[in-house]
Amino acid sequence: MFERSRLKPVVLAAACGALVLTAGCGGGSGGAKDTAYVARDVDTLYAAARERLDTGRTKQAAALFDEVERQHPYSPWARRAQLMSAFSYYAARDYNKAIQSAQRFLSIHPGNKDAPYAYYLISMCYYEQISDVTRDQKTTEQAKAALTDIIRRYPTTQYAADARLKLDLVNDHLAGKEMTVGRNYQQRGKWLAATLRFRAVVDNFQTTSHAPEALFRLVECYLSLGVPEEAQKAAAVLENNYPNSKWYERAYKLMDKNAPDFIAA
């Protein structure tokens, strides 16, 4: 599983800080009680939410930011509170509520200058839930879709730059899942099923670290299926793209042993 400590986005924290600073609220309310249903003026309520977030009480902060919007829906603070609520839920690792809050912001303010941040926050909520390659990869697919959406919508932003880096890791993760399933089929002698998985890696994730091994596994599977012509094609691609890899060396030895007539002189 991806570690949150490695993935916490700098731009996400920076954006949150910008939102807090633009709020411009004076005066702390550290002593205020968490009575979300007591009517309070917007300045006091927002300050209380900020104080909870600053001191790490993220769930309380989220509830208070939600209350800002509920009690003062027509205030300029309401828009800020929506995004701060989403970030607070994210910080509390309540990803579902963070996504809901960010999506609500986007539905109400689709053209707002902070929309890229909201999209990025959604993608990070999916990204940080990516599971082990042995498990279902639905969340990984959702992370890929969300990251791709950011790159498409806001290609020149800092969010897109970070999304591109994370998309590489997501693709590597998805390719790893295909490899795990493919190896499992291969070990059970289900050569055709394994071939389909390894072919998917070669076709869809050719820039990942798994591509060389996938080509070698194709050589193994095609030889086991009795189609050395296809094995030779996979070995040739491996030679052209990864001539110095251990996977090409192993593929050459395998072809030399099992189908020497198909090795170019």
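Colleague: In which helix does L225 lie?
Modeller: The model is predicted, and residues are numbered from 1 along each chain as its sequence is written. Local features need pLDDT of at least 70, side-chain atom pairs count only at pLDDT 80 or more, totals for chains, interfaces and linings use all residues, and side-chain values use heavy atoms, without hydrogens or water. Helices are DSSP runs of H or I, at least four residues, and strands are E runs of at least two, numbered from the N terminus. L225 lies in helix α11.

Colleague: Is L225 buried, partly exposed or exposed?
Modeller: Buried means under 20% relative accessible area, exposed over 50%, and partly exposed in between (1.4 Å probe, protein chains only). L225 has a relative accessible area of 38%. That makes L225 partly exposed.

Colleague: How much accessible area does the nonpolar patch of L192, L196 and L225 have together?
Modeller: Patch residues have over 30% relative accessible area and no salt bridge; like charges are joined within 9 Å, nonpolar side chains (Val, Leu, Ile, Met, Phe, Trp, Tyr) within 5 Å. Areas come from the Shrake-Rupley method with a 1.4 Å probe, and for residues only the protein chains shown count as cover. L192, L196 and L225 form such a patch on the surface, and their joint area is about 310 Å².

Colleague: How many helices does the protein chain have?
Modeller: Strands are easy to count: zero. Along the sequence the pattern is α-α-α-α-α-α-α-α-α-α-α-α-α. The helix count is 13.

Colleague: What share of the 265 residues in the protein chain is buried?
Modeller: The chain exposes about 13,600 Å², with carbon and sulfur atoms supplying 51% of that area. Of the 265 residues, the buried share is 50%.

Colleague: Why do the buried residues of α12 line one face of the helix?
Modeller: Helix α12 covers residues 228-241 and reaches 20 Å from first to last C-alpha, close to the 20 Å expected at 1.5 Å a residue (1.5 Å times one less than its number of residues). P228, A231, A234, A235 and L238 are buried. Seen down the axis, they line one face because the arc (of directions from the helix axis to the C-beta atoms) holding them is within 120°.

Colleague: Which helices are included in what covers the buried residues of α12?
Modeller: Contact here means heavy atoms within 4.5 Å. The cover includes α11 (211-225) and α13 (246-258).

Colleague: Which exposed residues sit on the face of α13 turned away from its buried side?
Modeller: The buried residues of α13 are W247, Y248, A251 and M255. They cover an arc of only 95° around the axis, which puts them on the same side of α13. What covers them includes α11 and α12. The face turned away carries K246, K253 and K257.

Colleague: Leaving aside neighbours within four places in sequence, which residues does F262 contact?
Modeller: F262 sits in the segment after α13 and is partly exposed, at 31% relative accessible area. Its C-alpha is 10.0 Å from that of E230, 32 residues apart along the chain. The contacts of F262 are P228, E229, Q232 and M255.

Colleague: What is the distance between the closest N and O atoms of D114 and R79?
Modeller: A salt bridge is a side-chain nitrogen of Lys or Arg within 4 Å of a carboxyl oxygen of Asp or Glu. The D114 and R79 pair links distant parts of the chain: D114 in the loop between α6 and α7 (115-127), R79 in helix α5, 35 residues apart. D114 counts as buried at 12% relative accessibility, whereas R79 is partly exposed at 23%. The closest atoms are separated by 3.6 Å.

Colleague: Which residue forms a salt bridge with D162?
Modeller: Both partners lie in helix α9 (residues 158-187), four residues apart, about one turn of the helix. Residues three or four places apart point the same way because an α-helix has 3.6 residues a turn. D162 and its partner are both buried. With the closest N and O atoms 2.8 Å apart, the partner of D162 is K166.

Colleague: How many salt bridges does a search of the whole structure find?
Modeller: R183, E213, R217 and E220 are linked in a network of them. K113, exposed at 67% relative accessible area, pairs with D114 at 3.5 Å between the closest N and O atoms. The search finds 16.

Colleague: What is the phi of R93?
Modeller: R93 is in the loop between α5 (76-91) and α6 (95-108). R93 is exposed, with a relative accessible area of 52%. Most residues other than glycine have a negative phi. R93 is not a glycine, yet its phi is positive, at about 65°.
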